[in-house]
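Please look through the sequence and the model shown here before reading on. The report that follows moves from the chain as a whole to its interior and then to its surface.

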Amino acid sequence: MSVELLDTTILDNAVSDYLLAVIIFVTGIVLTQIVRWSVLGRLKSWAKRSSTDLDDRLLHLIERPILRLLYLGGFFIGVSNLSLHAILHDTVRVGCVVLSTVLVIQLVGSLVEYALRLYWVKRSGSETLGKSLDALVPAIRVVIWGIGVVFLLDNLGFDVSAVVASLGIGGIAVALAAQGILGDLFSYFSILLDRPFELGDFVVIGDLVGTVEHVGIKTTRLRSLTGEELIAANTDLTASRIQNFKRMARRRIVFSLGVTYETAQDNMAAIPGLIQQAIDETPGVSFDRAHFSAFGDFSLDYEVVYYVESREYMDYMDAQQHINLAIKQSFEARQIDFAYPTQVLYLNKSNSEPGAASNGHGQRDSLAGNSYVEAS
């Protein structure tokens with residue numbers, strides 16, 4: 001190709017400038033394909049060997065935005081070396097800015113979604129959390145797109161300060177008007193991320209007792225033991241102490257029993273061993289301690305502690321019944337009586353006899369005696 005032809009001017013640009021723009025664009029395409037085959041190809045092969053499909057999902061989400069950004073970057077660099085008409089130049093610049101902003105928004109949204117999915121995997125893949133994330137991801141995308149649109153308008157030369165100020169004032173007004181709803185919404189995100197309970201958990205929240213059936217944006221629904229549905233605002237739940245019985249590995253049980261004061265000393269010393277034997281013979285429980293703890297108003301009190309190696313309430317009740325029957329049987333064998341509420345009344349009786357001797361002052365000596373009556 002002759003020098004004269006390269007110096008030929010077409011639309012205010014030499015042929016050599018057009019060739020340089022084409023070379024830059026082709027070079028960008030080649031580099032993009034190298035990145036696609038070498039870098040992304042190796043990442044895909046590595047992702048296929050991983051135990052989860054999140055890596056494959058991430059690569060699928062970011063592959064197109066990254067490749068398109070590289071193509072767009074090569075095209076923009078090549079065109080920037082040309083002297084274009086002002087209108088055409090502005091059109092190319094605006095088009096590149098819009099496309100690059102859209103691609104960056106898609107890339108950021110994909111990375112945020114990947115981070116949330118990774119958090120979900122680390123939380124043992126909870127089905128409840130997975131469903132909540134499916135509802136949360138679109139909301140996050142709306143926020144990212146809103147920020148991206150403001151950024152785009154600012155780069156295009158628009159005065160976004162007034163828009164941002166208007167959005168701020170409008171946001172404050174909306175927040176004041178719907179502070180209850182927004183409070184429940186933020187509480188929903190708190191429940192979602194912190195996970196104090198999940199669907200199917202049996203919980204006690206203040207005066208609410210039941211099984212969690214639904215966690216919504218504004219309210220959470222429980223199914224009580226008596227069958228009715230309990231509906232509570234998310235704000236009330238996050239502000240209360242929550243007892244989650246599903247996450248209880250084992251149940252600690254403390255109970256007391258009393259025997260009569262007439263119990264012999266050797267039987268009193270044998271009672272802790274009898275209780276331990278009854279607990280040891282009960283399946284699914286672990287003995288902790290049994291002690292003569294106090295002198296009660298009408299009984300000698302023993303305190304017993306053991307563990308049920310299950311979180312199910314029915315298992316606890318079965319174990320307690322077995323232990324109670326075994327203790328009663330062993331007490332009957334040793335003739336140890338359980339105490340029950342008893343009151344003893346002491347009566348002071350004063351009796352004067354007609355033939356009693358006088359003390360010399362015109363008075364008779366009285367014969368006094370004490371007796372008592374025991375009443376149940």
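How many helices and how many strands does the secondary structure of the chain come to? In this predicted model, the chain has 10 helices and 12 strands. Of its 376 residues, 30% are buried, and among contacts between residues at least 6 apart in sequence, 59% join residues at least 24 apart. The accessible surface of the chain comes to about 24,100 Å², and carbon and sulfur atoms account for 60% of that surface.

In the interior, the largest nonpolar core holds 24 residues, of which I275, Y306, I327 and F331 touch the most other members. The elements in the table each supply at least two residues of this core.

| Element | Residues |
|---|---|
| β8 | 251-259 |
| α9 | 265-280 |
| β9 | 285-295 |
| β10 | 300-308 |
| α10 | 313-333 |

Leaving aside residues up to four places away in sequence, I275 touches L257, A290, V304 and I327. There is also a second, separate core of 12 residues, which includes V203, V212, V215 and A232.

On the surface, a nonpolar patch is formed by V22, F25, V26, V30, L31, I34 and F75, which together have about 580 Å² of accessible area. Helix α2, spanning residues 15-48, gives the most to this patch, with six residues. V30, one of the patch residues, lies in helix α2 and has a relative accessible area of 44%, so it counts as partly exposed, a class that falls between buried, under 20%, and exposed, over 50%.

Key. Residues numbered from 1 in each chain as written. Predicted model: local features only at pLDDT ≥ 70, side-chain atom pairs only at ≥ 80, totals over all residues. Heavy atoms only, no water. Patch = residues over 30% accessible without salt bridge, like charges linked within 9 Å, V, L, I, M, F, W, Y side chains within 5 Å. Areas by Shrake-Rupley, 256 points an atom, 1.4 Å probe, with all protein chains shown as cover. Salt bridge = Lys/Arg side-chain N within 4 Å of Asp/Glu carboxyl O. Helix = DSSP H or I, 4+ residues; strand = E, 2+ residues; numbered from the N terminus. Buried < 20%, exposed > 50% of the residue type's maximum accessible area, 1.4 Å probe, protein only. Core = buried A, V, L, I, M, F, W, Y, C linked by side-chain atoms within 4.5 Å. Contact = heavy atoms within 4.5 Å.
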